[in-house]
Amino acid sequence: MTQAAVWQQCEECGTTLGETDPAPNCPSCGGLLELIHAPRQDARDLVERFRQRRNAVTGCDVSGVWRYRELVLPSATADEIVSHPEGNTPLLSRAAVARFAGVDELLVKHEGHNPTGSFKDRGMTVATTQAKRTGARAVACASTGNTSASLAAYAAQAELPALVFIPSGKVALGKIAQTIAYGARTLMVRGNFDDCLALAREASASLGIQLLNSVNPFRLEGQKTIVFELLEQLDWEPPDWIALPAGNLGNTSAFGKALREARAIGLISRVPRLAAIQASGAAPFATGFAQGFREQLRVEPNTIATAIRIGAPASWNRAVRAIRETNGVVADVSDDEILDAKAVIDAAGIGCEPASAASVAGVAKLRRSGVIEANDRVVAVLTGHVLKDPGAVVAYHQETEPAPARANRPIEIEPRVADVERVLRGVI
Ligand code: F0G
């Protein structure tokens with residue numbers, strides 16, 4: 001029998017399942033499933049193929065996810081793929097942000113440039129494609145807002161009914177607006193994200209709906225392309241560090257898997273270190289790291305960065321593996337540190353939502369403590385767009401008393417030139 005190119009495997013007990021088996025978990029032990037790709041050694045061919053596809057103007061090669069399809073979901077055919085398209089996000093360099101972080105070379109990979117404004121689209125195009133291939137009747141997710149916005153958009157495109165569970169009162173305005181506008185059935189649960197995920201898991205199992213949270217292995221395959229794309233943008237010369245915000249730990253796991261596979265194939269000869277950054281009020285993984293990952297922890301989460309307001313991360317074990325294999329670190333940053341970093345990123349003309357700024361805040365903190373050196377090459381991933389959370393911007397710049405150091409207070413005036421002159425004195 002020839003070995004299939006791709007199959008699913010339980011991370012805990014090793015049970016294998018076919019590529020199109022829609023089981024949400026391992027049927028033997030309940031563990032999380034991961035996609036295994038047969039080993040390959042054609043790095044040179046792949047690099048050339050990826051490069052050529054960058055010239056495409058139509059079809060799935062235009063997608064910054066499906067351009068790497070050999071390493072994502074090779075068997076998906078063009079007519080099966082549900083693509084917006086997505087990906088193709090910029091790698092930006094801004095002196096003000098590098099200065100704030102205290103490193104000479106800091107690049108930011110802005111995933112907020114995806115079609116629904118967050119990195120979730122990269123996973124959702126693959127998970128929705130797979131849901132369609134396996135005959136899903138409907139799709140569901142629990143979310144702090146970005147996954148639900150993305151799921152709503154991709155389900156709409158695939159013409160699948162979508163059901164989302166979000167924590168009532170704890171989702172940023174832009175994300176709720178998107179989720180409703182794209183047409184998902186939206187359930188506001190009186191509880192936090194962890195309650196939502198438990199409920200979504202139970203309800204989707206009993207209702208026969210496919211769950212598209214990052215416990216779904218196909219999500220992670222899509223999210224790996226953040227790493228592939230940034231490596232390609234650096235001409236496959238890896239940075240020293242990749243920093244990213246961490247909540248439910250799906251993305252940390254996806255980054256670890258991408259680096260492991262890129263190294264095994266020979267796309268890179270050296271693995272960057274991962275720096276996973278949590279908000280201090282929702283930092284079980286950072287605490288776990290400090291304790292040598294002795295045990296899986298959970299906390300009652302609380303942070304202004306609502307996207308990562310998560311106390312019981314679902315992808316704990318695979319994220320531990322990602323940190324260990326990359327000689328990575330996990331750190332936490334306070335809400336004030338997050339808001340400071342966000343103000344700098346925003347004022348540099350880039351903009352991001354609060355959770356995203358945790359990556360840059362984390363780089364600054366790790367630099368101060370000497371873990372990151374000034375001449376290390378660092379890529380910080382910004383995970384979501386500034387317009388996701390307009391409430392956070394208004395609160396920081398217009399409402400917080402006393403005004404934070406970087407507050408940019410708008411000034412109300414009468415329609416008189418004298419008022420304009422008075423305000424502008426000292427500015428220009
Ligand atoms: N940044 C943003 C903007 C997010 O929305 C999330 C997660 C993360 C970082 C953390 O990624 O969970 O893979 O560790 N948002 C999820 C959601 C939970 O429902 O949108 P993670």
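Begin by selecting Phe50 and Trp236, both of which are buried in this predicted model. A pair of aromatic rings is described by the distance of the centres and the angle of the planes. For Phe50 and Trp236 the ring centres lie 6.4 Å apart and the planes meet at 35°, so the pair is tilted. Now colour the backbone around these two side chains: Phe50 belongs to helix α1 (residues 43-53), while Trp236 sits in the loop between α7 (217-233) and β10 (241-245), so the pair ties together parts that are 186 residues apart in sequence.

Keep those two residues on screen and add Tyr68 and Phe228 to the selection, since the next stop is a group of rings. Phe50, Tyr68, Phe228 and Trp236 form one aromatic cluster. In the structure as a whole, a search finds seven aromatic pairs.

Another of these pairs to select is Phe289 with Phe293, whose rings are arranged edge-to-face, with 5.9 Å from centre to centre and 65° between the planes. Switch on a surface here and look at each partner in turn. Phe289 is partly exposed, at a relative accessible area of 28%, whereas Phe293 has a relative accessibility of 12% and counts as buried, the cut-off for buried being under 20%.

Next, move to helix α8 and select residues 250-265, a run of 16 residues that reaches 22 Å from its first C-alpha to its last, close to the 22 Å expected at 1.5 Å a residue. Show the rest of the structure around this helix, and you will find that 13 of the 16 residues of α8 are buried, so the helix is largely enclosed by its surroundings. Then step on to Gly266, which follows α8 and has a positive phi, near 100°.

Finally, zoom out to the protein chain in full, which holds 14 helices and 13 strands. Its C-alpha atoms fill a box of roughly 80 × 50 × 45 Å, taken along the principal axes. The radius of gyration of the protein chain is 21 Å, which agrees with the value near 22 Å that a compact globule of 428 residues would have.

If you colour the chain by burial, the buried residues make up 57% of the 428. With the surface shown, the protein chain exposes about 17,700 Å², and carbon and sulfur atoms supply 50% of that area. Among the contacts in the protein chain with a separation of 6 or more, 69% are between residues 24 or more positions apart.

Note on methods: Residues numbered from 1 in each chain as written. Predicted model: local features only at pLDDT ≥ 70, side-chain atom pairs only at ≥ 80, totals over all residues. Heavy atoms only, no water. Helix = DSSP H or I, 4+ residues; strand = E, 2+ residues; numbered from the N terminus. Expected span 1.5 Å × (residues − 1). Buried < 20%, exposed > 50% of the residue type's maximum accessible area, 1.4 Å probe, protein only. Phe/Tyr/Trp six-rings, centres within 6.5 Å; stacked < 30°, edge-to-face > 60°. Rg over C-alpha atoms; globule rule 2.2 N^0.38 Å. Contact = heavy atoms within 4.5 Å. Areas by Shrake-Rupley, 256 points an atom, 1.4 Å probe, with all protein chains shown as cover.
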